[in-house]
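Here are a few exercises to work through with the model open beside you. Try each task yourself before reading its solution.

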Amino acid sequence: MRLLGSIVLLLVVGSALAYKTYSGYQVLKTAPLTPNVMPYINKMSRIYDFWGTPVVGRPATVMVSPEEASVVNAAFNRLRISHEIMIEDLAPIVEKDFAEQERLMRAIPRQPRVAVYDRYMTYDEINAHVHETIAANPSVASLVDLGLSTEGRELHGIKLSNGAAGQPTVWFDCAIHAREWIAPPVCLRIIDEVLADPALRDLADWYVLPVANPDGYSFSTTDSRFWRKTRRPNPGSTCVGTDPNRNFDFLWDSAGAYCDETFPGSSAFSEPECAGIGNFIAANADSLVLYVALHSYGSLILYPFGHTIEPVPNADDLFAAGQKSADVIASVSGTVYSVENSAAGLYFTFGASDDYAYGIGAAGYAYTYELPGGGLAGFNPPPSRIQGVVDETWPGLKTLVEYTIANPTFPILPTKK
Ligand SMILES: [Zn+2]
């Protein structure tokens, strides 16, 4: 027993030492962005690690390594973007986060078929939860098998259905950006609620993918807290991974270098995770009413397109449904979401998943939800905040489903409905 204890201790210490420490990494915060600086912010955001979506009228935050700090500071100065140091050194924050996570892992063991909301779950725990939930509810839950990630992890989601034919379908995916840990608990809450309420299953067939980037998510929980991309190696480069939310096969843009935070991949759907999701969306285009990707952070509800500020034909419908959802969230908790066209902030993106679902004509309603952040430390809402975020987000998503089912709209391609 003592030997076992020593091994456990060694494993804990060993894993702690394996973390990227982020020693000397800073987070800079700008003054609210003005429209004239956005072209430069767009360029900088390809290379440097901006946290959240840069939006006109709001401050932007960017994480810089010790080597990057002087370059980014000089660029901001040249552009006359006033800025300050929001976090002087990320190392103690990361260390505290991982220590707290390890403490909670020991203190709060996962129970079979029960999602945990008072600490962050690992990918393995979430995947086990999905499988157990399906096995325990065979009449309403079934496996959505989207294949394997680059490192061989299962890309397994869950379908919840009363089994009626011809139902409209709604889709939710979480944490396609690895570090956005606050998203999977929201996906798990959707599963809890829809499992418990037959009326929700009468409304639609629900598809939920709690971890859309299993390799990256796992890496962010064991090695590198602020990892964003997938984990597929890039030939001849030490920089690993692709930004999966630039890799979808709709207006995919090849511009980008391997080391860029938003590297779009060697080709559209080069990432098996994106191809798995994209193929599923395309195959279910006839029934899909609503596509939602859950990200963090920024308290934003974004709708297509990301590459242009030209409004899509049903922009009014997209805005109205998003605003309904935002109103409900505000009424629950006071958290204020801003509902915007993805590019309205003049931050342009290509190959994003919601643009794909909308742009190929699969879903007339498509959104990216940027869930709330964790205050000063951005991606680190403390575990004590998980329940609150989940509690306020679910009613907003439920309203979104009810509204979009009741108010049909049409994607840009008139090929369906
Ligand atoms: Zn994201």
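**Exercise 1.** Which residues of strand E3 are buried on one side, and which on the other?

*Solution.* First, some ground rules. This is a predicted model, in which local features need pLDDT of at least 70 and side-chain atom pairs count only at pLDDT 80 or more, while totals for chains, interfaces and linings use all residues. Residues are numbered from 1 along each chain as its sequence is written, and side-chain values use heavy atoms, with hydrogens and water left out.

Now find E3 at residues 61–64; strands (E, at least two residues) and helices (H or I, at least four) are DSSP runs, numbered from the N terminus. In a regular strand, side chains alternate between the two faces of the sheet. Here Thr 61 and Met 63 are buried on one side, and Val 62 and Val 64 on the other, so both faces are covered. Buried means under 20% relative accessible area, exposed over 50% and partly exposed in between, with a 1.4 Å probe and protein chains only.

Next, look at the partners of E3. E1 pairs with E3 in the antiparallel sense over four bridges, and Gln 26 has Val 64 as its bridge partner. Strand E2 (residues 49–51) is also antiparallel to E3, with three bridges; there Phe 50 is matched with Val 62. Pairing requires at least two DSSP bridges between two strands.

**Exercise 2.** Work out the order of the eight-stranded open sheet and find its edges.

*Solution.* Step across the sheet: the order is E5-E6-E8-E7-E9-E12-E10-E11, with mixed pairing. E5 (141–148) and E11 (338–341) are the edge strands; each has a single partner, so one side of each lacks a neighbour in the sheet. Ignoring direction, neighbouring strands are turned by 20° against each other on average; axes are lines fitted to C-alpha atoms, for helices over the stretch in contact, and angles run from 0 to 180 degrees between N-to-C directions.

Then zoom in on E7 (residues 169–174), which runs parallel to E9 and is joined to it by six bridges. Cys 174 has Leu 294 in E9 as its bridge partner.

Finally, add a helix: H9 (residues 272–283) lies across E5, E6, E7, E8 and E9, at about 130° to E5. Contact means heavy atoms within 4.5 Å.

**Exercise 3.** List the protein donors of the zinc ion and explain why their arrangement is irregular.

*Solution.* Start with the atoms: His 177 (ND1), Glu 180 (OE), Glu 180 (OE) and His 295 (ND1) lie 2.1 to 2.4 Å from the zinc ion. Donors are N, O and S atoms within 2.8 Å of the metal (3.2 Å for Na, K and Ca); water is not among the atoms, so sites may look incomplete. Along the chain, the spacing reads H-x2-E-x114-H. Both His 177 and Glu 180 are buried.

Now check the angles. The four donor atoms subtend 56 to 144°, which makes the arrangement irregular. Four donors count as tetrahedral if all angles lie between 85 and 135 degrees; four count as square planar and six as octahedral if opposite donors are over 155 degrees apart and all others between 65 and 115; anything else is irregular.

**Exercise 4.** Is Tyr 22, with its positive phi, buried or exposed?

*Solution.* Tyr 22 has a phi of about 60° and sits in the loop between H1 (2–18) and E1 (26–30). At 3% relative accessibility, Tyr 22 counts as buried.
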